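The report below looks at a few places in one protein model and describes what surrounds them.

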Amino acid sequence: MDKHQILNRGKEVLSQESEAISGARERLGLSFSKAVDFLFHCQGKVITTGMGKSGHIAQKVAATLSSTGTPAFFLHPSEALHGDFGMLGKKDCLLAFAQGGETREVLAVAEFARSVPVPVVSITGKLESSLAQKSDAVMDSGVDKEADLLDLAPTSSSTVALALGDALSVVLMQ
């Protein structure tokens, strides 16, 4: 690839991700308001969780929530399964990230949260997923296509999940 092809491909990726965020904006519904309500009235901390790239997004969203005035921290779902479930208390809320909504470890954390019981808010690309079914409020991070040429790497979907987390953080701050 020459420098102009590289530049054009970079612009294409940004366009695809921008379009994915625009799609999420168009799909944003009352479930977002419901999610904000759960997190706003949370008397404890907002616990974020996710595995893989979704886990990285969950960590960033926990940091953003904390820096904008909503107490939050990230709970790694594998660590939760190995003794850290005690980090989730009765006054907390769970914010779970899983693009496919079927990640075993994230589902286990959501199931535990339901048993406490605390509200479960999820950001997932599959509204019919097991995670969505276990959630009190669901935000749609689905995308038509990832930005990479093989449609494999979480690019557009992780960007949308991050943008939704940022939207939650900013609205809660206000």
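A residue is called buried when its relative accessible area is under 20%, exposed when that area is over 50%, and partly exposed in between, with a 1.4 Å probe and protein chains only. The model is predicted, so that local features need pLDDT of at least 70 and side-chain atom pairs count only at pLDDT 80 or more, while totals for chains, interfaces and linings use all residues. Residues are numbered from 1 along each chain as its sequence is written, and side-chain values use heavy atoms, with hydrogens and water left out.

Helices (H or I, at least four residues) and strands (E, at least two) are DSSP runs numbered from the N terminus, and the table places one residue in each kind.

| Residue | Element | Relative accessibility |
|---|---|---|
| Thr-48 | strand 1 (residues 46–50) | 0%, buried |
| Met-173 | helix 7 (residues 156–173) | 53%, exposed |

Beyond its neighbours within four places in sequence, Thr-48 is in contact (heavy atoms within 4.5 Å) with several residues, among them Ala-58, Leu-65, Phe-73 and Phe-97. A polar atom of the Thr-48 side chain lies 2.9 Å from the backbone oxygen of Ala-58. As for Met-173, its C-alpha atom is separated by 22 Å from that of Ser-141, 32 residues apart along the chain.

Which residues line the largest pocket? The lining is formed by Gln-16, Glu-19, Ala-20, Gly-23, Arg-27, Gly-142, Val-143, Asp-144 and Lys-145, where lining residues have an atom within 4 Å of a point of the pocket, itself an open set on a 1 Å grid over the protein atoms alone, where a 1.4 Å probe fits, with protein on both sides within 12 Å along at least five of seven lines.

Technical notes:
A polar contact is a pair of N or O atoms within 3.5 Å; within protein, one must be able to donate a hydrogen and the other to accept it, and residues adjacent in sequence count only if both atoms are side-chain atoms.
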